[in-house]
Amino acid sequence: MSYKVLLADDDRNVLSALKLQLKISGFQSASASRPKEVLLALKESDFDLVLMDLNYQQDTTSGSEGLQLISDIRALDSSIPIVAMTGWGTIDIAVDAMRRGANDFIEKPCDNNRLNNILNNLLALRQSQLRTQRLESENALLRDESSTDGWVCKSKAMQSVMKIVENVAETDINILIRGENGTGKSQLAKLIHAQSARSKYSFIAVNMGAISEAIFESELFGHVKGSFTDAKSNRIGRFELADSGTLFMDEIANIPISQQQKLLRVLENGEFEKLGSSKSQHANVRLISATNAELDHLVELKQFRQDLYFRVNSIEIILPPLRDRQEDIEILARQFLEKHSIKYQREISDISSEAMESLRHYSWPGNVREMDHLIERAVLMSTDTQIQASDLLLKQEPSELLEPGGSNIDWTEFTLEQAEKKLIELVLRKHNGNAKEAATSLGYSRSAFYRRLEKFGL
Ligand SMILES: Nc1ncnc2c1ncn2[C@@H]1O[C@H](COP(=O)(O)OP(=O)(O)O)[C@@H](O)[C@H]1O
Ligand SMILES: [Mg+2]
């Protein structure tokens, strides 16, 4: 990759000489002969460095136009390296240039070696600054992902949840968090751990949906070398890792019924054995579980042990779906906008009021996670400094398609019941509201048709 230098001088001869000099040293360049052109060039394309004269036509010795240009460049770009070219014996102006934000200066005519040195040093410095900056912003994101700040809970529904959390977080009580996908169950589990007396010990998460029955025991309790064919070395299980800390069991409804008894035992007295070992071990863990399933229903169906159910849900916290948290929507949207515009280095600072309105009216089947992804996509798609409604690509709700006059009906978006209702509406309209004709046309008996009208509120 070769660096691109923007050259600025009002003397065409100087420009062409410099251009050649830079080319020989392996730089690309573009040139401008007036301050205005310099600013325009910087706005229009990317340069790695500006090498500029201080004197331009109007006033050929004071350097005032050049000094003003340095300030103007800095206003556009706070970090691009600027090297000022000065006439002989104008050290005062050079100092002034540095004060305005130039990074270095060189006397004209430019000595080739000195020029190369200055450019290479500044460009190397710039690269390392950019790298550090990138790392810093990545780290900030990582920290954000795993930490608990940025937890949005302004809505009434979330406020009542947080009241419970406040009361139970510090204790050792086992908590079951329930809620639809993407409502923040995993995040809340971390937050509870962070607020507990165990916060300085580990938070260990294990996703029960991802653990097959065959490796269940080994994952949770560990194994000793040789305990089964693939056990090539000792393994520490999640209970041992979480000792003194918090164990977070995600998707707890997925624990195979055959393994539930083993889990129950360790939850009751903290005792377990590694697979292939007869030595009892003890783990002191606080358990937080999460599920999007109706566990009590699974208990009725005998797919989840009742005693285990009682054990894991000493307290049950239900996270409301995002559509019931209107006051949180805007805050979350702005937070995700900030996160993704940093991540993708886009300068998008706002969401149009129309776009915000459609976010408020959307039903969010995938909850907060869906919003995260949606805003990410919008940031990538946006060509503006503001997210527009059209960037959001919100799926239209079936209920919106049911509005009269909607001609392009996508029936595959409907449930059978919605389709039936829609069809009845259409046929009724066709027959100008004559129920008898509509019923005949649809093949319903009169009474069956009226039952449906009543059911659908038509
Ligand atoms: N109240 C909230 N405030 C801020 N971010 C949230 C909130 N709830 C969820 N998130 C974010 O939404 C995403 C999905 O949350 P997660 O905890 O994984 O949901 P679940 O475990 O319920 O599927 C995560 O990126 C999480 O940080
Ligand atoms: Mg989760």
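**Exercise 1.** In this predicted model, work out how the residues of the shell around ligand 1 divide into nonpolar, polar and charged.

*Solution.* Start with the size of the shell: 16 residues surround ligand 1. Next, sort them by type, and you get five nonpolar, eight polar and three charged. Now pick out the closest ones, which are Val152, Gly184, Lys185, Ser186 and Gln187. Finally, check the elements: helix H7 (185–195) and helix H15 (367–381) are the ones that give two or more residues to this shell.

**Exercise 2.** Find out which domains ligand 1 lies between.

*Solution.* First, list what the domain assignment of the protein chain gives: domain 1 (4–134), domain 2 (164–318), domain 3 (322–392) and domain 4 (399–455). Then look at who contributes to the shell. Domain 2 and domain 3 both give residues to the shell around ligand 1, so the ligand lies between them. While you're looking at domains, take the centres of domain 1 and domain 2 over C-alpha atoms: 62 Å separate them.

**Exercise 3.** Put the five strands of the open sheet in order, and say how they pair.

*Solution.* Here's a bit of background: strands of a sheet pair through backbone hydrogen bonds, either parallel or antiparallel. In this sheet the order is S7-S10-S13-S6-S14, and the pairing is parallel. Go to the edges next: strand S7 (203–207) and strand S14 (315–318) each pair on one side only. Ignoring direction, neighbouring strands are turned by 20 degrees against each other on average.

Now zoom in on one pair. Strand S6 (residues 175–178) and strand S13 (residues 286–291) run parallel and are joined by four bridges. Here, Ile177 stands opposite Ala290 in S13.

Terms used: Residues are numbered from 1 along each chain as its sequence is written. Chains are lettered from A and ligands numbered from 1 in the order in which they are written. This is a predicted model: local features need pLDDT of at least 70, side-chain atom pairs count only at pLDDT 80 or more; totals for chains, interfaces and linings use all residues. A residue is near a molecule or strand if its C-beta atom, placed from the backbone, lies within 6 Å of it. Ala, Val, Leu, Ile, Met, Phe, Trp, Tyr, Cys and Pro count as nonpolar, Asp, Glu, Lys and Arg as charged, and the others, Gly among them, as polar. Domain bounds come from an automatic or database domain assignment. Two strands pair if DSSP finds at least two bridges between them. Axes are lines fitted to C-alpha atoms, for helices over the stretch in contact, and angles run from 0 to 180 degrees between N-to-C directions.
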